[in-house]
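Trainee: Could we go through this one together? I'd like to understand how each label is earned.

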Amino acid sequence: MHLSADYAGETVAWLQSRKINTRPLLDELGIDRHDLKFGHQISARQFAAILDYGALKTRDAHFGLHRGSAFQIKKNAGVLAYLAASAETVSDAILNYQRYASVVCDGFSLEIEYDDEGAQLFLH
């Protein structure tokens, strides 16, 4: 699964503005900083690694949520961005995506399991 690289670019720029060195991470991921812009794509794994790195360096367990709430939805942002932006909670965003995927995706499905500790997502 791939997504627009400009969201990763915004995250990297935010980290760099706070004097957090992202060069080692980008080198490890094989990403050129100049490719993190609209019109380019990165894998969901690469984006997750950038968010995990941000969480580690800022000591913010909810770094991805905090950065995501600051993203500006751009023209042609993609379905995932609009599904997330239209939801009041993360749970609503996941349910929106689950409904969307069940209609348009042929190769996989998203399952949510809740327990006492929270929720787990499974991509099948």
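Trainee: Why is aspartate 116 called exposed?

Mentor: Aspartate 116 has a relative accessible area of 84%. Exposed means over 50%, buried means under 20%, and partly exposed is in between, with a 1.4 Å probe and protein chains only. So at 84%, aspartate 116 counts as exposed. Before we go on, this is a predicted model, where local features need pLDDT of at least 70, side-chain atom pairs count only at pLDDT 80 or more, and totals for chains, interfaces and linings use all residues. Residues are numbered from 1 along each chain as its sequence is written, and side-chain values use heavy atoms, leaving out hydrogens and water.

Trainee: Where does aspartate 116 lie?

Mentor: You will find aspartate 116 in the loop between strand 3 (110-115) and strand 4 (118-123). Strands here are DSSP runs of E with at least two residues, helices are runs of H or I with at least four, and both are numbered from the N terminus.

Trainee: What makes the patch that includes Asp116 one of negative charge?

Mentor: Glu111, Glu113, Asp115, Asp116 and Glu117 gather there on the surface. Asp and Glu count as negative, Lys and Arg as positive, while His and the chain ends are not counted. A patch takes residues with over 30% relative accessible area and no salt bridge, joining like charges within 9 Å and nonpolar side chains (Val, Leu, Ile, Met, Phe, Trp, Tyr) within 5 Å. Each charge is placed at CG of Asp, CD of Glu, NZ of Lys or CZ of Arg. The areas come from the Shrake-Rupley method with a 1.4 Å probe, and for residues only the protein chains shown count as cover.

Trainee: Which residues make the nonpolar patch?

Mentor: Val79, Tyr100, Val103 and Val104 make that patch, with an area of about 350 Å². Helix 6 gives the largest share, three residues. Tyrosine 100 is found in helix 6, and its relative accessibility of 31% makes it partly exposed.

Trainee: How do you know that arginine 23 and aspartate 27 form a salt bridge?

Mentor: Their closest N and O atoms are 4.0 Å apart. The rule asks for a side-chain nitrogen of Lys or Arg within 4 Å of a carboxyl oxygen of Asp or Glu, so this pair qualifies. By this rule the count comes to one salt bridge. The partners are four residues apart in helix 2 (residues 23-29), so about one helical turn separates them. Arginine 23 is exposed at 56%, whereas aspartate 27 is partly exposed at 49%.

Trainee: What is the nearest side chain of opposite charge to aspartate 60, which has no salt bridge?

Mentor: That is arginine 67, but it is 8.3 Å away, and aspartate 60 is buried. Side chains of opposite charge can pair when their charged atoms come close. Aspartate 60 sits in the loop between helix 3 (44-58) and helix 4 (63-70). Leaving aside neighbours within four places in sequence, aspartate 60 is in contact (heavy atoms within 4.5 Å) with Ala55 and His66.

Trainee: What makes the phi of lysine 19 worth a remark?

Mentor: Lysine 19 is not a glycine, yet its phi is positive, near 65 degrees. Most residues other than glycine have a negative phi. Lysine 19 is found in the loop between helix 1 (5-17) and helix 2, and is exposed at 76%. Arginine 59, also not a glycine, has a positive phi of about 60 degrees. The loop between helix 3 and helix 4 holds arginine 59, which is exposed at 81%.

Trainee: Why is glutamate 10 called partly exposed?

Mentor: Its relative accessible area is 23%, so glutamate 10 falls between the buried and exposed cut-offs. Glutamate 10 lies in helix 1.
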